[in-house]
Amino acid sequence: MSIPSNYTIVKDIPISNPKDYQFVSFLKEGEDYISGNELQKRAINPLGIADAEYLLEHQELIPKTEHKYYLVFVGTTLRYSDGGLHVPCLIWDGDRWVLGFLWLGHGWF
């Protein structure tokens, strides 16, 4: 796994079948953002860091329509060295997807 040394795993799930991957919004109509706790609750089929790493190696599986979004993997929760909880995300950098870790404590747009 590609977890930096300043994180510890709080929760993790095994890799899913790539045929089960879905790209769906976590926002409901009329919402601009939700909390990190609500983000985790709304996950239909949560994916974890193993799925994020699989998609990094098979970026052709991610539709180009998703480039403007973060792909969030709430099946894995990590604790940063400062105590904050984070989840893995894939972020389009303009050329390819990269793995990042975003804090659950802020609003999710």
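Which residues of α2 are buried? In this predicted model, select helix α2, residues 49–57, and colour by accessibility: the buried residues are I49, D51, A52, E53, L55 and L56. Now bring the strands into view as well, since what covers these buried residues includes β4 and β5.

**Helix α2 and the core**

Keep the helix displayed and pick L56, which has its place in α2. Beyond its neighbours in sequence up to four places away, L56 touches L90, R96, W97, V98 and L99. If you want a distance to orient yourself, the C-alpha atoms of L56 and D95 are separated by 13 Å, although the two residues stand 39 places apart along the chain.

Next, select Y21, L47, A52, L55, L56, I62, L71, F73, L90 and W97 together, and show their side chains, for these 10 residues make up the largest nonpolar core. Helix α2 supplies the largest share of this core, with 3 residues. In soluble globular proteins, nonpolar side chains tend to be buried together.

Within that selection, centre the view on Y21, whose contacts, leaving out residues up to four places away in sequence, are I15, S16, L47, D51, Y54 and L55. A second core, separate from the one just shown, has 9 residues, and I34, V87, L104 and W108 are among them.

**The strands, from β2 to β5**

Hide the side chains and show the strands as a cartoon, beginning with β4, residues 85–92. Strand β2, residues 71–72, runs antiparallel to β4 and is joined to it by 2 bridges; here L71 stands opposite L90. Strand β3, residues 77–80, is likewise antiparallel to β4, again through 2 bridges, and the bridge partner of L78 in β4 is H86.

On to β5, residues 97–103, which pairs with β4 in the antiparallel sense over 7 bridges. Select L90 once more and look across to β5, where L99 stands opposite.

The turns deserve a separate selection. What phi does G83 take in the hairpin of β3 and β4? That hairpin has 4 residues between its strands, and G83 takes a positive phi near 100°. In the hairpin formed by β4 and β5, which also leaves 4 residues between the strands, the turn residue G94 has a positive phi of about 100°.

**H86 in strand β4**

Select H86, which is found in strand β4, and show everything around it. Is H86 buried or exposed? Its relative accessibility is 9%, and because that falls below the 20% cut-off, H86 counts as buried. A polar atom of the H86 side chain lies 3.2 Å from the backbone oxygen of G84. Apart from residues up to four places away in sequence, H86 touches Y7, T76, T77, L78, Y80, F101, L102, W103 and L104.

**The loop between β2 and β3**

From H86, move to one of its contacts, T76, which lies in the loop between β2 and β3. T76 has a relative accessible area of 0%, so it is buried. Display its side chain together with that of D12, and you will find a polar contact of 2.5 Å joining the two. Setting aside residues up to four places away in sequence, T76 touches K11, D12, L47, G48, I49, H86, V87 and P88.

In the loop that holds T76, G75 is also found. At 1% relative accessibility, G75 counts as buried. Leaving aside its neighbours within four places in sequence, G75 is in contact with K11, D12, I13, P46, L47 and G48. To see how far the chain extends from this point to G30, draw a line between the C-alpha atoms of G75 and G30, which are 45 residues apart along the chain and separated by 26 Å.

**The largest pocket**

For the last stop, switch on a surface and look for the largest pocket, whose volume is about 740 Å³. Of the 29 residues that line it, V24, S25, F26, Y70 and V72 are the closest to its centre, and these make a convenient selection. The elements that give two or more residues to the lining are α1, residues 36–42, and β2.

Definitions and conventions:
Residues numbered from 1 in each chain as written. Predicted model: local features only at pLDDT ≥ 70, side-chain atom pairs only at ≥ 80, totals over all residues. Heavy atoms only, no water. Core = buried A, V, L, I, M, F, W, Y, C linked by side-chain atoms within 4.5 Å. Buried < 20%, exposed > 50% of the residue type's maximum accessible area, 1.4 Å probe, protein only. Contact = heavy atoms within 4.5 Å. Pairing = 2+ DSSP bridges. Polar contact = N/O pair within 3.5 Å; in protein donor to acceptor, adjacent residues only side chain to side chain. 1 Å grid on protein atoms, 1.4 Å probe; cavity = no way out; pocket = protein on both sides within 12 Å on 5 of 7 lines; lining within 4 Å. Points joined across faces, edges and corners; volume = space filled by probe spheres on them.
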